[in-house]
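Colleague: Before the cavities and pockets of this model are discussed, I should like to hear the reasoning behind each label.

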Amino acid sequence: MSIAQNTGTGAKLRCISCGATPDSAGQDFRCTPCGDLLEFFFPGWTSNQDSPAFDPAALKSLWLNRRTSRDALDQSGVWRFRELLPHIPEEHAITLREGNTPLYHLARCARATGVENLHAKHQGMNPTASFKDTGMTVAASSAHQQEFRWVACASTGNTSASMAAYAARGNMLSLVLIPDGKISWGKLSQSLDYGALTCQLRTDFDGCVRILNELVRQKPVYLLNSVNPYRIEGQKTAAIELMEQLAWEAPDHIIVPGGNLGNSSAIGKALLEMGELKLISRLPKLSIIQAHGANPFYRSVREFGGKRLEPMTADTLATAIRIGNPASWKKALRVLQATGGEVEEVSEVEIAAAKAEIGADGIGCEPASAVTLAGLKKLRRSGFIRSGEAVVLILTGHLLKDPDFTIKFHRGDLFVGTPDAAEVAQTKHLQRAPIVLDADLGAVIAALDAAERNS
Ligand code: F0G
């Protein structure tokens, strides 16, 4: 079975390595001649100064007007930008009104980093509480259009939660492969409630991906991991919406976490396309941050000049990005280089501290998202980001995705018995352990007074 491509907006598939342009993709979404990943491109956009594909001002005002519409697709923060997406007939579109996520100024983090113009685009404010929904609405709709009965993914938890929700909305069945024991309860509980067939495999994320790739060759299931180019197209809209929120004035830097590297590829692709379509007049630098224990892309760039990527056995408490063999590393490398961004790695303690600091700004996020602030601090120290520059962090998941991590951090239990136990002492000032008291007014007042003295 093959996946036909949509031609409504002129989107075509192309291999990122050999440039082949197949009419359709196999179920593994890889190029048949060379095995590399496929991407969408839009031949109708290629710069023709005499008759540009779009009038940028008209497009911006069309998108803005849709915000007042009662139409479900217009209300979606993804489909609102459908001119830049592969076409999917409206009757197949599955939407939970994803996107439309807030952009927050981070006042305390701004002071702590010395970057006054510091904002967070909170993709955790999506319907299933992670950025995955923006890509999933497009890819799940494409599965629906192809009349697939089953959709499937390997996941560290957020993709599976999102896929299960969109499959349920589209009356499709979903199969989730997740690493046993290494995903948060919040994410696991979502896929159960949304009705997925959830298999906890005794392996890591990379092992789940291997099994899934073999499965799609044997069974008619539609693959919803981010190798699916429809996912990337949907995730582009986070960057488009961000530019709209900034009145189309690009910031100097955008910082994203890097796991399987689909999200950085998508945001970078959107930036390059917006540049090409003259929707923005300059490109932000897109920087990608990994956890030290799951840093194959960081090592690829720093040690091998991006020429190759050595898979590793990944380990980090930021389980969302516990990935040792990222599928989209070549796409991510391309946008890193095209935008002049940087790649960084951060330690477990740096992640935990940054997460608490984002929380203290009244925002919060899951651990994987906090690598962005930890990375910003390192990029400030290295001089890559200067104090007067405008920086946007992409927060990928909601605080409530992984409450275990948060509670253990604040109780001081997170790093007990690990090599990080000594370093964590530096984060004591960020810990807010709950206080157990008798039901006694005097005890509560004493706690209040003590907190006031220490504030
Ligand atoms: N942040 C969160 C909260 C994630 O869930 C993920 C990936 C990432 C960052 C990294 O994004 O993979 O596009 O580089 N989670 C996937 C999943 C792998 O299965 O939920 P990426």
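The exchange below takes up the enclosed spaces, the ligand and the open pockets in turn.

Modeller: Please keep in mind throughout that this is a predicted model.

Colleague: How many cavities of 30 Å³ or more does the rule give?

Modeller: The count comes to two cavities. The largest cavity has a volume of about 320 Å³, and the second largest cavity has about 40 Å³.

Colleague: What makes a space a cavity and not a pocket?

Modeller: A cavity is a set of points where a 1.4 Å probe fits but cannot get out, whereas a pocket is an open set.

Colleague: Which residues line the largest cavity closest to its centre?

Modeller: Of the 25 residues that line the largest cavity, Phe-131, Lys-132, Asn-260, Ala-320 and Ile-323 are the closest to its centre. Two or more lining residues come from each of α5 (158-169), α8 (229-235) and α10 (262-276). The most is given by α10, with three residues.

Colleague: What is the make-up of that lining by class?

Modeller: The lining of the largest cavity has nine nonpolar, 14 polar and two charged residues.

Colleague: Which residues line the second largest cavity?

Modeller: The second largest cavity is lined by Glu-39, Ile-232, Ser-265, Lys-269, Lys-331 and Arg-334. The elements that give two or more residues to this lining are α10 and α12 (329-339).

Colleague: Why are four residues of that lining counted as charged?

Modeller: Asp, Glu, Lys and Arg count as charged. The lining includes Glu-39, Lys-269, Lys-331 and Arg-334, and therefore these are the four charged residues of the class count. The lining also has one nonpolar and one polar residue.

Colleague: Which space is taken by the ligand?

Modeller: The ligand takes the space of the largest cavity. A molecule sits in a cavity if more than half of its atoms lie within 2 Å of the grid points of that cavity.

Colleague: Which elements give two or more residues to the shell around the ligand?

Modeller: Those elements are α5 and α10. Of the 20 residues around the ligand, Ser-155, Asn-158, Asn-260, Leu-261 and Thr-396 come nearest. By class, the shell has seven nonpolar, eleven polar and two charged residues.

Colleague: What makes the approach of Lys-132 to the ligand a polar contact?

Modeller: A polar contact is a pair of N or O atoms within 3.5 Å. A polar side-chain atom of Lys-132 lies 2.9 Å from a nitrogen atom of the ligand, so the pair meets the cut-off.

Colleague: Where do Asn-158 and Leu-261 stand against that cut-off?

Modeller: A polar side-chain atom of Asn-158 is 2.8 Å from an oxygen atom of the ligand, and a polar backbone atom of Leu-261 is 2.7 Å from an oxygen atom of the ligand. Both distances lie within 3.5 Å, and therefore both pairs are polar contacts. The protein covers 98% of the 470 Å² of accessible area that the ligand has on its own.

Colleague: What is the volume of the largest pocket?

Modeller: The largest pocket has a volume of about 580 Å³. Of its 24 lining residues, the closest to its centre are Gly-181, Lys-182, Leu-317, Thr-319 and Lys-408. Two or more residues come from each of α6 (185-193) and α15 (403-411), and α15 gives the most, with four residues. The lining divides into nine nonpolar, seven polar and eight charged residues.

Colleague: Which element supplies the largest share of the lining of the second largest pocket?

Modeller: That share, six residues, comes from α7. The second largest pocket holds about 450 Å³ of space. Its 25 lining residues include Arg-30, Val-209, Asn-325, Pro-326 and Ala-327, the closest to its centre. By class, this lining has twelve nonpolar, six polar and seven charged residues.

How values were computed:
Residues are numbered from 1 along each chain as its sequence is written. This is a predicted model: local features need pLDDT of at least 70, side-chain atom pairs count only at pLDDT 80 or more; totals for chains, interfaces and linings use all residues. Side-chain values use heavy atoms; hydrogens and water are left out. On a 1 Å grid over the protein atoms alone, a cavity is a set of points where a 1.4 Å probe fits but cannot get out, and a pocket is an open set with protein on both sides within 12 Å along at least five of seven lines; lining residues have an atom within 4 Å of a point. Grid points are joined across faces, edges and corners, and a volume is the space filled by probe spheres set on the points. A residue is near a molecule or strand if one of its heavy atoms lies within 4 Å of it. A polar contact is a pair of N or O atoms within 3.5 Å; within protein, one must be able to donate a hydrogen and the other to accept it, and residues adjacent in sequence count only if both atoms are side-chain atoms. Accessible areas come from the Shrake-Rupley method with a 1.4 Å probe; for residues, only the protein chains shown count as cover.
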